[in-house]
Amino acid sequence: MFKTQFLNRRQFLVSGAAFAASMQTGAAGTAAPAAPPITLRAAAGQAALRPAPFGMTPVWQYNGSVPGAEIRVRQGERLRIEAQNQLPADTTIHWHGIRTPNAMDGVAGLTQAPIKSEDKFLYEFDALDAGTFWYHPHHNSAEQVARGLYGPLIVEEHDPIRVDREVTWMLDDWRLTEDGAIAGGFGAMHDAAHGGRMGNTVTINGRMAQQFAVKPAERIRLRLINAANARIFGLDFGALSPVVIALDGQPVTPHTPDSGVVVIGPAMRVDLVLDMTGPAGAVMPVTDVFYNRMEYKLVDLVHDATPLRNTVPDWSMELAPNPLSEPDLAKATRHEVIFNGGMMGQGMMGGGMMSMMNQMRQGNMWFINGVAAKGPVKEPFLTLAQGTSHILSMENRTDWPHPIHFHGHSFRVIARNGQATRYQEWQDTVMMAPDEKVDIAFVADNPGDWMFHCHILEHQAAGMMGVIRVAPQA
Ligand code: C2O
Ligand code: CU
């Protein structure tokens with residue numbers, strides 16, 4: 001039943017390996033035969049972001065749609081993806097949150113040369129972790145993601161939790177002109193110095209959503225992915241009680257979020273179990289309440305007249321953990337990572353104000369440990385020995401929130417403002433509120449040079465990035 005639902009999805013891509021593996025059960029440890037690669041073709045096209053009578057929007061997209069094709073594989077399978085570049089620009093593809101070998105990470109100028117127009121590149125890696133991931137370019141990301149280049153990558157558990165339906169919602173926030181074109185000015189200074197490129201049109205799976213049909217007493221696993229350059233979502237499900245079961249693909253103790261609002265910063269993912277407790281015919285709005293006085297209705301959940309069953313099910317919501325290395329906190333080395341910069345940031349008032357002012361005149365707005373990175377960064381600000389445990393004590397000395405992403409690893413968020421977190425959650429992108437201190441811990445177990453950056457893409461472009469090197473043990 002579960003499989004059939006997947007096959008009915010509007011956009012569905014799965015490797016031959018996934019199919020082969022699903023045919024041979026109990027073959028743990030035997031590698032599936034090499035399958036022909038999946039193709040992701042990046043090209044200019046059109047998308048119906050807005051409902052009629054509005055026209056189409058010229059976009060850049062993968063395989064002719066926004067979002068690009070949903071890639072689905074089973075945990076442990078090997079992905080082979082041929083990226084074809086038919087854009088009028090260089091590009092790459094990064095597999096956000098997937099622990100790939102370094103050479104497959106898709107970072108232009110660090111892990112590979114950009115893929116030229118009319119050229120292609122074969123990505124190949126194992127899906128080690130089950131969960132909700134996504135892909136996007138890592139070359140001029142502030143422009144290329146804003147133009148529509150992104151798609152979901154779902155790695156299915158061997159033993160998924162039971163639900164009636166699985167749904168992926170890829171959220172985006174577009175800045176459109178009145179005639180529905182994507183506004184230019186990518187990476188504009190004003191956006192970069194403030195909260196990033198905020199848009200005016202929010203879409204779910206590439207469409208301004210109006211209604212989403214559900215059945216009373218239905219259980220849905222909702223995979224939320226924030227593909228926006230800058231917008232943070234704070235989803236209020238009203239009388240429904242969403243239960244968070246995974247963050248950034250990694251299982252977490254099932255819990256209802258504090259204050260009931262599901263917060264998703266750029267690049268982050270949240271998996272929810274959503275029981276439709278509304279009565280037959282009920283129309284229940286989902287509202288985005290993140291920014292003060294800027295609330296808007298994202299979509300209406302419209303309950304069918306016929307309930308699926310009498311009461312909501314009580315099936316387990318616990319996902320099996322992924323094979324992540326557990327950091328040894330007693331032996332971990334602690335590193336301070338200070339973020340400053342931006343308008344009205346304390347960094348402007350600090351000792352380095354004069355030099356920072358000069359830097360900002362050159363478009364360097366944001367600093368990690370005093371350095372604003374330019375272009376493709378290559379020199380690491382931290383070098384960690386492979387296999388050792390580390391704690392990054394991060395401090396946001398700015399007046400803006402920042403979703404901080406580390407490539408090639410997942411980390412535990414162990415403390416906020418010196419207080420241990422309740423769930424010690426694994427993430428690959430962590431939101432830091434203004435003036436907040438966040439401690440993350442991980443084992444540096446994936447060798448190579450890895451990006452560490454703010455995922456507000458205008459902040460990244462204006463300096464808020466660096467490289468952490470994991471050096472192989474001699
Ligand atoms: Cu979503 Cu550095 O990437
Ligand atoms: Cu930022």
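The following exchange takes up how several labels attached to this predicted model are justified.

Colleague: What should I know about the model and its numbering?
Modeller: This is a predicted model in which local features need pLDDT of at least 70 and side-chain atom pairs count only at pLDDT 80 or more, whereas totals for chains, interfaces and linings use all residues. Residues are numbered from 1 along each chain as its sequence is written, chains are lettered from A and ligands numbered from 1 in the order in which they are written, and side-chain values use heavy atoms, with hydrogens and water left out.

Colleague: What makes His402, Cys454 and His459 donors of the copper ion (ligand 2)?
Modeller: Donors are N, O and S atoms within 2.8 Å of the metal (3.2 Å for Na, K and Ca), and since water is not among the atoms, sites may look incomplete. The atoms concerned are ND1 of His402, SG of Cys454 and ND1 of His459, which lie 2.0 to 2.1 Å from the copper ion, and these distances therefore satisfy the definition. Along the chain the donors follow the spacing H-x51-C-x4-H. His402 belongs to strand β25 (residues 402-406) and His459 to helix α6 (residues 457-461), 57 residues apart, so that the pair links distant parts of the chain; here helices (H or I, at least four residues) and strands (E, at least two) are DSSP runs, numbered from the N terminus.

Colleague: Why is Asp248 called buried, or Glu118 exposed?
Modeller: Buried means under 20% relative accessible area, exposed over 50% and partly exposed in between, with a 1.4 Å probe and protein chains only. Asp248 has a relative accessible area of 0% and is therefore buried, whereas Glu118, at 64%, counts as exposed. Asp248 has a positive phi of about 50° although it is not a glycine, and Glu118, also not a glycine, has a positive phi of about 75°. Glu118 lies in the loop between β6 (94-96) and β7, and Asp248 in the loop between β15 (243-247) and β16 (250-255).

Colleague: How do you know that β5 and β7 pair?
Modeller: Two strands pair if DSSP finds at least two bridges between them, and seven bridges join β5 (residues 78-86) to β7, so the criterion is met. The two strands run antiparallel, and Glu82 has Leu122 in β7 as its bridge partner.

Colleague: What makes β3 and β7 edge strands?
Modeller: The open sheet has four strands in the order β3-β2-β5-β7, with mixed pairing. Each of β3 (57-62) and β7 (120-126) has a single partner strand, so one side of each is left without a neighbour in the sheet.
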